[in-house]
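Here's a quick briefing to read alongside the coordinates. It goes from a strand pairing to a helix and ends with the whole chain.

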Amino acid sequence: MRYPRPAVSDIHEILGVDEATLLRLSGQGPRYTSYPTAPEWKDATESDALGAYAQAAQHPAEPLSLYVHLPFCERLCLYCGCTVEISGRQDRADSYLDAVERELDIVAGALGERRGLMQMHWGGGTPTFLSPAQIARLHAAIARHFRFLPGAERSLEVDPHVTTPEQTDLLCDLGFNRVSMGVQDFDPVVQAMVKRDQTLDETERLIAHFRRRGIEGINVDLMYGLPEQSEAGFTRTLESIARLRPDRLAVFGYAHVPWMKPAQKYLETHAHLPEAIARARLFGLALQHLGAAGYEVIGLDHFALRGDSLWEALQAGTLHRNFMGYATLPAPEMLGIGMSAIGDVAGTFLQNARTTKDYEPALRSGHLATIKGLRRSPEDELRRLTILSLMCRMRVDLDELQRQTGRADLATHFATEWQELQHFAEEGLCTLTARRLDVTPRGRLFLRQMAMVFDEYLRGHAQDGEGKRFSRTV
């Protein structure tokens, strides 16, 4: 099926905002997969983690989410912002899985009878770096300690370039029902610059194989703002994606953070990186082409076909956001297993050691590898709920927040924030009454900027002159 090809136009016509507004709002800011954001977290220990798990164990009937980080890749893509380890040896994963199994033992023991999973995701790295035997081993280790609840989502990230039919069949046999695959851009010029090798044909074959095995939950990741990316090349990618017809898409802005990912420094000297206006035009093309192909905008950078559970959750006001992205199932507390993995349990964020050389020895000695975390204060929880509402329901309703938190003084409490939001309303990016903010369709491009208004930590850093560096918001 062919879809009408939208005409490329100027920024105002594509996004409904002029270039001056776009430049003014295109600074740096968090993505708000958590609040408070990770730079605010402090040192944490195993006892902090065990205390949080013990508290979580007091609610044995509540479902959980589980994230497992599998860091291995055969090669490094230069745009990558993930925590990875490059290795050409598949057996390297064996000692890592030993540590993961020990962590599962400790965490499950601390959780007591709370073992029901509503969502499981394997991320990376490249989870299909694992051999079929290693995949089966990891799944069996999880199944020993946890039970999958009816309707549970079991998902993982796959790389079409390295995923074999044998792995695909095994994943289906194990009960995985959703897969996510990175594409970023099929343009060979872009792929060569960022050191990624993935063809349209192999991507199409893998999607077809999963669908023949009954998996309809297909997600594809695209990226705009990549080095040497052009409107013509990205348009061809979007047209190919529309034909492949995944259920969901994530269209991320390339996060150029060389102070965190040194490999990205190569791109500064060897490639042209699109500026804010060019990046916005690329995202505008995604809005046009995906909209014409029947996709709806879901929150920050996400798209889904009308009728997909992500779209239905947005309509019902039940969408949730965590470190795995947008989620639709009722399991807001999440366990993070593996090197660098982040959990969120009992009002506490927990993060493991960020290298395998620190993570594996800790588990070999029988201890958790927790190094960072934060126990949220009542004020943190209030602002977290506010930002989640903005990101997941496209609104902030003070009456809803009052019912959730019991706080009756919210109009006064957020008086400064409400005043700062006025300029977003004047730009047509939201509507604002005394007790409610509603994001307009074109305002969804600026969710991060609106969320930053409620970030008490950012406000404090601005006042004391201390800056935190994040990726660009547009």
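Keep in mind that this is a predicted model. Let's start with strand 16 (residues 348–352), which runs antiparallel to strand 17 and is joined to it by five bridges. From there we move on to helix 15 and then the overall numbers.

**Around strand 17**
- Within the strand 16 pairing, Leu350 has Gly373 of strand 17 as its bridge partner.
- Strand 1 (residues 42–43) also pairs with strand 17 (residues 370–375), again in the antiparallel sense, over two bridges.
- Here Lys42 is bridged to Gly373, so Gly373 turns up as a partner of both Lys42 and Leu350.

**Helix 15**
- Leu398, Glu400 and Leu401 are the buried residues to look at in helix 15 (residues 398–405).
- These three sit on the same side of the helix, because they span an arc of only 155° around its axis.
- Their cover includes helix 14 (378–393), strand 18 (395–397), helix 16 (410–413) and helix 17 (415–420).
- At the N-terminal end, Asp397 acts as the cap, with a side-chain oxygen 2.9 Å from the backbone nitrogen of Asp399.
- Just past the helix, Gly406 adopts a positive phi of about 80°.

**Whole chain**
- The protein chain has 20 helices and 20 strands.
- Its radius of gyration is 22 Å, close to the 23 Å from the globule rule for 474 residues, so the chain is as compact as a globular protein of that length.
- The C-alpha atoms fit a box of roughly 55 × 55 × 45 Å along the principal axes.
- Of the 474 residues, 58% are buried.
- For contacts between residues at least 6 apart in sequence, 74% link residues at least 24 apart.
- About 19100 Å² is exposed, with carbon and sulfur atoms supplying 51% of it.

How values were computed: Residues are numbered from 1 along each chain as its sequence is written. This is a predicted model: local features need pLDDT of at least 70, side-chain atom pairs count only at pLDDT 80 or more; totals for chains, interfaces and linings use all residues. Side-chain values use heavy atoms; hydrogens and water are left out. Two strands pair if DSSP finds at least two bridges between them. Helices (H or I, at least four residues) and strands (E, at least two) are DSSP runs, numbered from the N terminus. Buried means under 20% relative accessible area, exposed over 50%, partly exposed in between (1.4 Å probe, protein chains only). The arc is that of the directions from the helix axis to the C-beta atoms. Contact means heavy atoms within 4.5 Å. A polar contact is a pair of N or O atoms within 3.5 Å; within protein, one must be able to donate a hydrogen and the other to accept it, and residues adjacent in sequence count only if both atoms are side-chain atoms. The radius of gyration is taken over C-alpha atoms; the globule rule is 2.2 Å times the number of residues to the power 0.38. Accessible areas come from the Shrake-Rupley method with a 1.4 Å probe; for residues, only the protein chains shown count as cover.
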